[in-house]
Amino acid sequence: MASLIRIYAMVLRHIYLLRGSWPRVLELAYWPVMQMILWGFITQFFMGHSEWVAQAAGLLLAAVLLWDVLFRAQLGVTLPFFEELYSRNLGHLFVSPLRPWELIVSLLGISTVRTLIGVVPAALLAIPLYHYSIFTLGLPLIVFFTQLLVTGWALGLMVSGLVLRFGLGAQSLAWVAIFALAPVSGIYYPIDTLPNWLQPVALALPSAHVFEGMRAVVLGEGFHVGHFFAALVLNLVYMVLGAALFMSVFGLARRRGLLLHSGE
Amino acid sequence: MAIQVADLTKRFGKAVAVDGISFSIARGSATALLGPNGAGKTTTLAMLLGLMTPSSGSIRVLGTDMLRHRYQVLGRMNYASPYIDLPQRLTVRENLNVYGRLYGVRNLRTRIKILTKELDLERFMERPYREMSAGQRTRVALAKALLNEPEVLLLDEPTASLDPDTADRIRGLLEAYRGRTGATLLLASHNMPEVERLCDRVMMLRSGRIVDDGTPEGLASRYGRRNLEEVFLDVARRV
């Protein structure tokens with residue numbers, strides 16, 4: 001119970017932050033909406049020029065919305081963690097009874113809130129603008145959303161750990177790391193488009209399985225159980241690695257006194 | 001004993017920040033760690049709080065081994081320092097709400113009301129922390145440090161950046177808090193009159209070692225000096 005209260009306190013800390021700044025809330029939704037509008041027009045163009053896209057109008061829009069789930073989930077972990085560094089607040093946090101794992105759980109919680117604030121408006125706007133509702137994916141949408149959320153969390157924990165280790169000079173990792181995954185995640189094209197040697201790399205990423213699974217559902221091939229389990233297992237591995245890296249760097253930070261001196 | 005430290009050492013590579021110090025601090029006492037910059041005061045406090053792991057040695061706070069079971073006792077301690085901050089964009093009320101929950105404070109609203117009145121913060125409750133002056137921030141940090149009515153309170157420069165009137169009120173508040181609760185105070189300070197007023201024991205640190213230990217009056221007498229400031233200069237300038 002005490003743990004839950006501490007986790008709630010840390011989530012509340014970031015809710016206060018969002019509540020106190022409407023530009024922050026607006027910014028969360030701004031990029032996903034812009035992406036959706038852009039890809040909506042691209043879809044409309046390709047509808048008349050591409051047989052593949054014409055088969056399923058929502059293919060690119062579903063892809064861009066789900067990609068934003070992954071990106072926002074990762075930023076949802078890293079940016080709130082950076083807030084503690086910007087505020088030089090880690091010292092106060094860790095002389096309190098807050099455990100590192102409770103901080104991790106709270107970051108995952110706030111990441112979920114930030115992702116929903118970011119992606120839901122874009123998904124809803126796509127309905128009147130392009131007559132496409134991602135919600136027509138049905139139950140698989142919940143699976144895709146959850147899987148990408150977890151992948152984003154794992155990457156977010158890894159990036160947060162690296163920034164705790166190397167300082168805020170490494171914060172640009174939060175913006176660039178995820179884009180290294182984009183070409184091999186098969187967001188807008190099937191994995192077999194990639195060169196043969198790159199395909200195993202793609203299939204080692206949970207995101208690639210989610211986007212393959214999404215395409216199967218949109219193209220009417222049904223829910224692909226194989227991709228679901230592959231993503232599930234890979235997410236477990238990545239999440240354990242992310243949490244282990246964060247905890248390990250936290251131990252290092254205690255040995256080196258970084259918690260006392262972290263900041264801008 | 002409130003705090004028991006044995007052979008505590010902290011090395012950063014080849015540099016030794018704290019060099020095998022041992023001491024005990026009785027419950028209900030007020031002790032100062034004095035020493036020049038780089039003497040090892042903040043590093044010692046950080047190790048006592050579990051923020052930093054020692055290279056060797058042992059620490060017990062309120063009977064609990066801090067190296068193995070610090071979470072059993074962190075809720076009964078607290079800390080304020082001008083060298084770490086609170087969330088900048090949160091208001092005073094929001095900061096205290098968050099930290100009150102982190103420390104599991106019961107009747108949080110009442111506790112915040114009492115503390116903010118004592119520290120003259122009532123006017124600033126809805127003001128973001130980043131918009132406050134250095135002195136106001138020090139008072140907010142102190143409010144945070146007293147939220148859970150800690151049995152062991154560690155303070156690093158508790159009245160830094162405060163005007164003499166406010167600093168005097170804070171010292172009075174800390175004296176009253178200690179008198180009322182029987183809390184143990186351990187503070188690092190460069191303000192000698194403050195140490196003379198608040199503390200019944202002084203440990204002098206230099207180059208990571210305790211070079212002297214006694215009451216403020218006892219140390220002044222031993223060094224043949226009029227006050228603690230002169231003793232401090234003697235210790236700091238000793239080659």
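Student: What makes helix α1 of chain B count as largely enclosed by the rest of the structure?

Tutor: In this predicted model, helix α1 of chain B covers residues 41-48, and eight of its eight residues are buried, so the helix is largely enclosed by the rest of the structure. The cut-off behind that word is 20 or more other C-beta atoms within 10 Å of a residue's own. The residues that meet it are B:K41, B:T42, B:T43, B:T44, B:L45, B:A46, B:M47 and B:L48. Just after α1(B) comes B:G50, with a positive phi of about 85°.

Student: Staying with chain B, why is B:V195 called buried?

Tutor: Let's set the value against the cut-off. Buried needs 20 or more C-beta neighbours within 10 Å, and B:V195 has 23 of them inside 10 Å, so B:V195 counts as buried.

Student: Where does B:V195 sit, and which residues does B:V195 touch beyond four places away in sequence?

Tutor: B:V195 belongs to helix α7 of chain B, residues 192-198. Leaving out residues up to four places away in sequence, B:V195 touches B:A32, B:L34, B:S189, B:V202, B:P216 and B:L228.

Student: Over to chain A. Why are α2(A) and α4(A) called roughly antiparallel?

Tutor: Helix α2 (residues 22-47) and helix α4 (residues 59-86) of chain A pack at an angle of about 160°, their axes 9 Å apart. Angles over 145 degrees count as roughly antiparallel, and therefore α2(A) and α4(A) earn that description. Their crossing is right-handed. On the α2(A) side, the contact is made by A:P32, A:Q35, A:M36, A:W39, A:G40, A:I42 and A:T43, while α4(A) brings A:L60, A:L61, A:V64, A:L65, A:D68 and A:R72. Sorted by type, the residues of this contact are eight nonpolar, three polar and two charged.

Student: How do you know that the span of helix α6 of chain A agrees with its number of residues?

Tutor: A nice one to check by hand! Helix α6 of chain A (residues 100-130) has 31 residues, and at 1.5 Å a residue these should span 45 Å; the end C-alpha atoms are 44 Å apart, so the two agree. A:H131 follows α6(A) and has a positive phi, near 55°.

Student: And what makes up the side of chain A that touches chain B?

Tutor: In total, 26 residues of chain A are in contact with 24 residues of chain B. On chain A, α1 (2-19), α5 (90-93), α11 (225-256) and α12 (258-261) each supply at least two residues. α1(A) gives the most, with nine residues. By type, this side of chain A divides into 13 nonpolar, seven polar and six charged residues.

Technical notes:
Residues are numbered from 1 along each chain as its sequence is written. Chains are lettered from A and ligands numbered from 1 in the order in which they are written. This is a predicted model: local features need pLDDT of at least 70, side-chain atom pairs count only at pLDDT 80 or more; totals for chains, interfaces and linings use all residues. A residue is buried if 20 or more other C-beta atoms lie within 10 Å of its own, exposed if 12 or fewer, and partly exposed in between; C-beta atoms are placed from the backbone. Two residues are in contact if their C-beta atoms, placed from the backbone, lie within 7 Å. The expected span of a helix is 1.5 Å times one less than its number of residues. Ala, Val, Leu, Ile, Met, Phe, Trp, Tyr, Cys and Pro count as nonpolar, Asp, Glu, Lys and Arg as charged, and the others, Gly among them, as polar. Axes are lines fitted to C-alpha atoms, for helices over the stretch in contact, and angles run from 0 to 180 degrees between N-to-C directions. Angles under 35 degrees count as roughly parallel, over 145 as roughly antiparallel, 65 to 115 as roughly perpendicular and the rest as oblique. A crossing is left-handed if the near helix is turned anticlockwise from the far one by less than a right angle, and right-handed if clockwise.
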